[in-house]
Amino acid sequence: MEARLKVVYIVLEATFKYNYDTLPSQIVRWLFINSSKPVYVTIEWIKPEGTIVNISRLVLNQGEFYADLTKGSQDFVLEYTRYIATKLGITPEEELSNLAVLMGKEDPDIFSKDVKPSKGVYKIVVRAESSDPNADVDIKVNIYGTLYGLAGTDEYRRDLFIAVAWGAPIALSFGLLASVLTTLIQMFIAATSAWFGGVVDNIIQRLNEIFMILPFLPIVAMIALFYRLTIWSLLAVVVALGIWGSGMKTFRAMFLQIKEMPYIEAAKAYGAGDLRIIIRYMIPRVMPMIIPIIVISIPSYVFLEAALALLGLSDPTTITWGKTLEEAYAGAAMYRGYYHWILAPAAMLFLISIAFASIGYTLDRVFNPRLKEM
Amino acid sequence: MSEILKTEDLRLYYRTSLGTVKAVDGVSFSLRQGETLAIIGESGCGKSSLARALIRFLPRNVAEFSGSIFLDGVDVMKLSDADYDKRIRWKKISYVTQAAINSLNPVIKVVDHLIEPLVLHLNMSKKEAVEHAKDVIKKVGIAEEFLWRYPFELSGGMRQRVVIALSIISNPKIVILDEPTSALDVMTQANIINLLKELKQKLNLSYIFITHDIAISSELSDRIAVMYAGQIVEIGPAERMYTDPLHPYSKGLLNSVPRLREDKPVVFIPGTPPSLINPPKGCRFRPRCPFAKPICEKDPPVVRTSPENFVRCWLYGEK
């Protein structure tokens, strides 16, 4: 019997064009090996000038292998530094950076601080060799630029525009729901308090005064500490704590006046019940005054969510503008000069408050025509 | 004519911080089918409280509510509030409140006011109720399109008509009108009075007409009851009452109406109406009465001077 060794050779080739004026920020590669026997892999990086850089010589088993070509000291760096020093006739003071090796234009500038990228077509050649006849090899190379998108990226290269856009419906629905729910519930409780008077009024008002004294932020912090808050349970907490306060007193004062109106008397005479009077007669009466207030107070709830997120009290799994700001803060964006990381969500918060303030004041003029005379 | 409403010894007292206010204190009267009974008296004599007792529209501080009310054969006082709402309110008796012109909610449409009693008491669907409201609004002389207007878009007279439409929407037998023409100008008053007359004939209504405007009551009423300090002091047919009032208070009240083209000073009754918390013993009019006698310190009898006339006074009790 003759033992025959079967060997498989695989050659992969890929090219890409690089025409940018600056170097990329990072180059990473993944190797995907599917083989029952070890695989010998070499990767050649061919620059537009034709220089071949052997970036990897590896023996790998089945699996997925990641390497950051721009980090750590790699064999090819020293090799290439020697080569280029000889070619250009320069004695280098130190080793080149990995990026300069892979992308740098081969002129004396390569040893200076501002390395120019070598423009043109790059080629990557992967050669693999295995004794498993069914072996398969694949490679993926990512070349990351410096900045991307309308709003830029954060330190993890995530597009900030996505964060800002994703946060918009959440901010809007949070603000709108918080504002509408708070005002409506507040109004209903105030109307009940004013309508029934006596003991009911006393209980509600004393309870209100207790809640007025309790500080809002520490309570939210406490709840966030003990329970895992999602954005919607945070909404519930904000509404539950937000309905109390001076607003309730103002509404109650309005309803005490409305309660004595002749049409309420008439409704009682034809037999409308308590709940019906509150919902159909008292609450609609104050609606024209309330709608502008609801609209104007929407941004304050968006700001509140942002403030809570900045303190780390919001839902950690939901992308909101506040969350983005918190990450910018945690990532020391100001110190590192990533101003766009802060400006993008901050600009949205700014815009939303101007937008709703304008709508609110316009509605106020529509619902209260007397303001036009002033 | 059959009696449709009869009250006996009706009392409605209120509790206040100063004591018990006897707003309605032993009122008995009856109302016939198709008749208009005017209840006249000064402000604060208990007219409106009487109306509230009849429609069972009581404030929270009621101290006593007793006596009997027979409405169309039903002993109303024995009904619970829920039964009253179900069987009597707006089905048999309805009410036009004081300051009716303001008794429409400015933020809901006319139609929503009109269908409210139908939905509440007659279990009509909203659609049926709207159809019914269209019929009724025509009866009070307002075009159908005004159903979809807001009350503030209507004139005072129209608003008053809407309130009247609201009171007749469920075909009641009795309508209590609590000063329905106050705050209207005279032309509108005349229109409303004509409308009320017309509706009464068409729908065979009975009115209890509460007013302090004696001129208006003379135009509309068949009989008149004069109230003083929570009690009815005199009841009689309208024609006789204006020409020949029996009770000294009725005389004073009618004399106080200014007359045109008569060069005589307007007479008023000296003194003020008594406190309802602590009314005078015996005849309540005694302190102001020009005919007061020692016997007036005892409770005066109710005297029937003719089949139709009742008066609560010692002047007639001696006979």
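This is a short group-meeting talk on a predicted model with chains A and B.

Okay, hi everyone. Keep in mind as we go that we're looking at a prediction.

Let's start with chain B as a whole. It has 10 helices and 12 strands. If you lay the C-alpha trace along its principal axes, it spans about 65 × 50 × 40 Å. So how does its radius of gyration fit with a compact globule? For 319 residues you'd expect a value near 20 Å, and chain B has 20 Å, so the two agree. Of those 319 residues, 45% count as buried. And if you take contacts in chain B between residues at least 6 apart in sequence, 64% of them join residues at least 24 apart.

Here's one such neighbourhood to find on your screen. Look for Tyr14(B), which sits in strand β1 of chain B, residues 3-16. Is Tyr14(B) buried or exposed? Well, Tyr14(B) has 21 C-beta neighbours inside 10 Å, and the cut-off for buried is 20 or more, so it counts as buried. Leaving out residues up to four places away in sequence, Tyr14(B) touches Val21(B), Ala23(B), Pro59(B), Asn61(B), Val62(B) and Ala63(B). Take the last of those: Ala63(B) is 49 residues away from Tyr14(B) in sequence, yet their C-alpha atoms are 4.9 Å apart.

Next, a helix: α3 of chain B, residues 110-121. Here 11 of the 12 residues are buried, so we can call it mostly covered. The buried ones include Leu114(B) and Ile115(B), but also Asp112(B), His113(B) and Glu116(B). What's doing the covering? Among the elements are α2 (81-88), α4 (126-139) and α5 (156-168) of chain B. After α3(B) comes Asn123(B), with a positive phi near 50°.

Now, the nonpolar cores. The largest has 137 residues, and the ones touching the most other members are Ile39(B), Leu114(B), Ala165(B), Ile176(B), Ile208(B) and Val226(B). You'll remember Leu114(B) from the α3(B) list. But which helix gives the most to this core? That's α9 of chain A, residues 274-310, with 13 residues. A separate core has 24 residues, among them Leu23(A), Ile33(A), Val77(A) and Ala128(A). Back in the largest one, click on Ile208(B): beyond its sequence neighbours up to four places away, it touches Leu31(B), Leu37(B), Ile39(B), Ala51(B), Ile174(B) and Ile176(B).

Over to chain A. The domain assignment gives domain 1 as 8-144 and domain 2 as 160-373. The C-alpha centres of those two domains lie 57 Å apart.

And then, where the chains meet. The contact takes 13 residues from chain A and 18 from chain B. On the chain A side, α8 (262-269) and α9 each supply at least two residues, and α8(A) gives the most, with 6. That side divides into 9 nonpolar, 1 polar and 3 charged residues.

Let's finish on α8(A). Its buried residues are Tyr263(A), Ala266(A), Ala267(A) and Ala269(A). Where do they sit around the helix? They cover an arc of only 160° around the axis, so they're on the same side of α8(A). What they pack against is α9 of chain A, plus α1 (47-55) and β6 (93-96) of chain B. Just past the end of α8(A), Gly271(A) takes a positive phi of about 90°.

That's my tour. Thanks, everyone!

How values were computed:
Residues numbered from 1 in each chain as written. Chains lettered and ligands numbered in written order. Predicted model: local features only at pLDDT ≥ 70, side-chain atom pairs only at ≥ 80, totals over all residues. Core = buried A, V, L, I, M, F, W, Y, C linked by C-beta atoms within 7 Å. Helix = DSSP H or I, 4+ residues; strand = E, 2+ residues; numbered from the N terminus. Contact = placed C-beta atoms within 7 Å. Domains from an automatic or database assignment. Nonpolar A, V, L, I, M, F, W, Y, C, P; charged D, E, K, R; others polar. Rg over C-alpha atoms; globule rule 2.2 N^0.38 Å. Arc of directions from axis to C-beta.
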